[in-house]
Amino acid sequence: MKKEILLIGSAVAAQVPALYAKPKEAPVNVIYILADDLGYGDIGCYGQTKIKTPHIDRMAQEGLLFTQHYAGCTVSAPSRCSLMTGLHTGHTQIRGNREISPEGQEPMTAGTYTLGRLMQSAGYATGIFGKWGLGYPGSVSVPNNMGFDEFYGYNCQRQAHNYYQDHLWHNETRVPFKENENGGRAVYVQDSIHAHAMQFIRDNKDRPFFAMLTYTLPHAELNLPHDSIYQLYENAFDEKPHTGYDGYHPSEKPYASFAAMISRLDMYVGEVIAELKALGIDKNTMVIFTSDNGPHREGGANPDYFGSYGPLKGVKRDVYEGGIRIPMVAWSPGRIEPGTRTDHISAFWDVMPTLAELTGTKKLPVESDGISFLPTLLSKKGQKQHEYLYWEFHELNGRVALRQGNWKLIKQPIVGDTIFELYDLSNDIHEDHNLAAQYPAKVKELEKLLDEVRTPSELFDFGR
């Protein structure tokens with residue numbers, strides 16, 4: 001009899017760990033906010049003094065600031081393709097801005113594995129709100145065919161230059177804004193995009209979601225409502241009306257418009273975080289804020305006046321640091337330590353493996369050039385490092401760049417008289433001192449690697 005009691009007691013004891021096991025942590029929501037042509041030095045937490053960005057600055061105070069994060073490319077479409085596919089531009093399908101008439105850009109191929117597909121496979125609702133630029137209406141490469149349950153915004157990045165556009169797309173349905181036809185300025189469509197993004201967050205508050213907020217701000221044209229945000233800067237700068245817009249809508253005061261566009265973007269960020277807190281899901285959400293490439297000079301923008309590139313050299317279309325190194329701030333209360341910063345070297349193609357690790361995806365079904373930076377986000381040990389980073393650019397006769405450790409090799413142009421530039425970023429972050437003549441063996445070594453890491457592309461060959 002005693003033996004039976006002992007056996008029963010043992011059985012109950014064996015069940016205790018299961019009964020009192022720690023519940024599995026709920027999936028972490030992810031909001032990825034991608035600005036357009038926002039420079040490394042355009043926000044306060046990266047040194048900006050003329051433009052107010054209190055909400056992004058607070059994100060940095062409460063989260064993690066990256067000092068060495070890189071875009072996929074120095075212009076929009078290839079940079080976004082790199083982000084979407086986890087590949088650098090030596091391997092991506094889209095390596096340049098290639099326009100499709102009358103609306104859209106070169107599409108990715110059917111079935112391309114994207115961030116959207118990754119997050120869908122992990123059980124997330126997925127949405128993208130803003131600029132797409134990786135296909136054309138009706139193509140195999142619209143957001144709904146690329147892993148996103150919901151899309152609202154511009155299909156075409158060229159049409160995204162117009163902030164009072166006469167139509168957007170909701171999934172594959174054209175949404176007209178008749179009040180904006182024939183030069184009308186009744187609906188500022190960035191506000192409409194932001195409203196749809198906020199609604200997506202509210203609609204999915206009770207399930208895991210992945211939202212990409214790809215606002216066009218502060219890309220030219222420099223154009224926005226003359227509301228209270230604009231009035232902050234209307235008389236703040238010594239400027240004259242700009243002429244020579246290269247097709248962009250003229251701004252009476254381009255400096256004021258540029259600053260107000262960044263502050264409007266900051267307002268959107270603040271409203272996203274406030275909504276997460278109001279819904280009670282802020283502690284179960286990770287927000288990442290970044291940009292698609294360096295600052296622009298179009299439409300009267302003056303990166304020299306604002307120091308938009310910070311301590312770096314170069315702007316959009318350069319493969320110098322100012323064209324490709326971008327701000328990135330990550331925020332997740334209870335997961336990311338507040339007030340921290342990291343010098344970890346990372347790039348757009350790292351986002352896919354990072355989200356794969358965050359969601360518990362054991363193995364990606366495709367090859368990636370990326371390395372998860374989740375250990376850095378969570379202040380964990382074991383962060384792996386890149387052997388190299390690579391970029392290629394297909395305008396201006398072509399140019400390529402490679403970073404290995406603190407060495408940076410630039411080869412430009414690809415077509416014509418080629419010049420090699422070699423920089424030691426550890427003591428020359430502004431890339432002022434070309435060491436190519438001083439270290440020919442290092443140039444040869446990095447040039448060999450530069451040639452090896454690229455695969456040919458039928459669509460994007462240099463010289464075409």
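Q: How many bridges join strand β14 to β15?
A: In this predicted model, strand β14 covers residues 407-412 and runs antiparallel to β15. The number of bridges joining β14 to β15 is 6.

Q: Which residue in β15 is the bridge partner of I410?
A: Strand β14 spans residues 407-412, and β15 spans 419-424. The bridge partner of I410 in β15 is E421.

Q: Which are the edge strands of the open sheet of 4 strands?
A: The strand order is β12-β13-β14-β15, and the pairing is antiparallel. An edge strand here pairs on one side only. The edge strands are β12 (389-393) and β15 (419-424).

Q: By what angle are neighbouring strands of this sheet turned against each other on average?
A: The sheet is open and has 4 strands. With direction ignored, the average turn between its neighbouring strands is 10°.

Q: Which helix lies across β12, β13, β14 and β15?
A: The helix in question occupies residues 440-452 and runs at about 70° to β14. The helix lying across these strands is α12.

Q: Is helix α2 parallel or oblique to α7?
A: The axes of α2 (residues 54-62) and α7 (residues 254-279) come within 7 Å. They cross at roughly 55°. Because of that crossing, the relation of α2 to α7 is oblique.

Q: How many nonpolar residues has the contact of α2 with α7?
A: From α2, the contact involves P54, H55, I56, M59 and E62. These meet D266, M267, V269, G270, I273 and K277 in α7. By class, 2 residues are polar and 3 are charged, and the number of nonpolar residues is 6.

Technical notes. Residues numbered from 1 in each chain as written. Predicted model: local features only at pLDDT ≥ 70, side-chain atom pairs only at ≥ 80, totals over all residues. Heavy atoms only, no water. Axes fitted to C-alpha atoms, helices over the stretch in contact; angles between N-to-C directions. Helix = DSSP H or I, 4+ residues; strand = E, 2+ residues; numbered from the N terminus. Parallel < 35°, antiparallel > 145°, perpendicular 65-115°, else oblique. Contact = heavy atoms within 4.5 Å. Nonpolar A, V, L, I, M, F, W, Y, C, P; charged D, E, K, R; others polar. Pairing = 2+ DSSP bridges.
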